[in-house]
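Open the model in a viewer and keep the sequence panel visible. The tour below moves from one selection to the next.

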Amino acid sequence: MNDALHLHYFVDGDDFTRAGEASANVKKTLRQIGVSPDAIRRVAIVLYEGEINMVIHANGGVIDVDIAPDQITMVLKDTGKGIADIELAMKEGYSTAPEEVRSLGFGAGMGLSNMKKYSDEMKIESTVNVGTTVTMKVNLS
Amino acid sequence: MTIGDIKNILGCKVICCEERLDAEINTACGSDMMSDVLAFVKDQSCLLTGLVNPQVVRTADMMDMHCVIFVRGKMPDESMIELARERGITLMSTGYRMFTACGKLWENGLRGGN
């Protein structure tokens, strides 16, 4: 595997049908460079949930992925409305997603808990009306 | 069981990737909630759903699934079919409702896995 690889994506907040393209691309890249299937699965789940969240709640944003030999670091940054109570948002089943998002198969309040469950480290920094940055790490060893 | 066996059991119409009917399906899951699929699915290679939008195909792709079956005769649009074709995911549609479709597959030996 290469020593370090950096991927950068712009996530369009206006097109729900395209949400997940960046995650699919990262997954493909990881497969090409020979990352283990378990790590690929975990990265795919957390990144996809994060990308969906960006589109649902923050009108898009940017994703940066750093692939080092021992760890994959994902930073998802948006300038959306922010999260007022992170602890509450982390609760499984808690959601502020509008009804139409639920009819699309998301918005059940599983996103953040899925991201925490499948990453090795997760940090959320958020300021109301300024934006949210989610940093997640998946270990490769 | 193969995708072809599922096609026969559920009387499915194959929408795309018909060349992959020989692919083996060991376990399956049924859900309209994609977050639940992402949270609880492990190695299930087939998804039955009543939900029809591109995120169904993307979720199946993220979970390395081989096949998606739309219940109640639902049909995906061209953009979904294209997405599935690019990823080699077989799309099929059955006239059965979710409960009956899952029951018929169970009856024929397919299980839900862990």
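This is a predicted model. Start by selecting the residues where the two chains touch: 22 residues of chain B are in contact with 26 residues of chain A. About 1900 Å² is buried between chain B and chain A, and carbon and sulfur atoms account for 53% of it.

Next, display the charged side chains along this interface. Four salt bridges are found across the interface of chain B and chain A. One to label is the salt bridge between the side chains of A:Arg31 and B:Asp64, with N to O at 2.9 Å. Switching to polar contacts, the count between chain B and chain A is 18 residue pairs, both residues being at pLDDT 80 or more.

Which elements give two or more residues to the side of chain B that touches chain A? They are α2 (34-40) and α3 (54-62) of chain B. Colour that side of chain B by residue class: ten residues are nonpolar, four are polar and eight are charged.

**Chain A: the sheet**

Hide chain B and show chain A as a cartoon. Five strands make an open sheet of chain A, in the order β1-β2-β3-β5-β4 with antiparallel pairing. Select β1 (5-12) and β4 (121-127) of chain A: each has a single partner strand, so these two stand at the edges and one side of each is left without a neighbour in the sheet. On average, neighbouring strands of this sheet are turned by 10° against each other, direction ignored.

Stay at β4(A) and add its partner, strand β5 (residues 131-139) of chain A; the two pair in the antiparallel sense over seven bridges. Within this pair, A:Met122 stands opposite A:Met136 in β5(A).

Now bring in the helices that pack on the sheet.

- Select helix α1 (residues 21-32) of chain A, which touches β1, β2 (60-67) and β3 (71-78) of chain A; the direction of α1 makes about 160° with that of β1(A).
- Select helix α2 (residues 37-58) of chain A, which touches β1, β2, β3 and β5 of chain A; the direction of α2 makes about 5° with that of β3(A).

**Chain A: a loop residue**

Centre on A:Ser95, in the loop between α3 (86-90) and α4 (99-102) of chain A. Beyond its neighbours within four places in sequence, A:Ser95 is in contact with A:Arg102, A:Gly107, A:Ala108 and A:Gly109. The side chain of A:Ser95 reaches the backbone oxygen of A:Gly107 at 3.1 Å, and a polar atom of that side chain lies 3.0 Å from the backbone nitrogen of A:Ala97. For a distance label, pick the C-alpha atoms of A:Ser95 and A:Leu112: they are 9.8 Å apart, with the two positions 17 residues apart along the chain.

**Chain B: the sheet**

Show chain B again. Its open sheet of five strands runs in the order β1-β5-β4-β3-β2, with mixed pairing. Select the edge strands, β1 (13-16) and β2 (28-30) of chain B, each of which pairs on one side only. Neighbouring strands are turned by 20° against each other on average in this sheet, direction ignored.

Then select β2(B) with strand β3 (residues 46-49) of chain B, a pair in the parallel sense over three bridges. Here B:Cys29 stands opposite B:Leu47 in β3(B).

Finish with two helices that pack on this sheet. α3(B) touches β3, β4 (67-70) and β5 (90-93) of chain B, its direction making about 150° with that of β4(B). Helix α5 (residues 98-107) of chain B touches β2 and β3 of chain B, and the direction of α5 makes about 150° with that of β3(B).

Note on methods: Residues are numbered from 1 along each chain as its sequence is written. Chains are lettered from A and ligands numbered from 1 in the order in which they are written. This is a predicted model: local features need pLDDT of at least 70, side-chain atom pairs count only at pLDDT 80 or more; totals for chains, interfaces and linings use all residues. Side-chain values use heavy atoms; hydrogens and water are left out. Contact means heavy atoms within 4.5 Å. Buried area is the accessible area (1.4 Å probe) that two parts lose on being put together, summed over both. A polar contact is a pair of N or O atoms within 3.5 Å; within protein, one must be able to donate a hydrogen and the other to accept it, and residues adjacent in sequence count only if both atoms are side-chain atoms. Helices (H or I, at least four residues) and strands (E, at least two) are DSSP runs, numbered from the N terminus. Ala, Val, Leu, Ile, Met, Phe, Trp, Tyr, Cys and Pro count as nonpolar, Asp, Glu, Lys and Arg as charged, and the others, Gly among them, as polar. Two strands pair if DSSP finds at least two bridges between them. Axes are lines fitted to C-alpha atoms, for helices over the stretch in contact, and angles run from 0 to 180 degrees between N-to-C directions.
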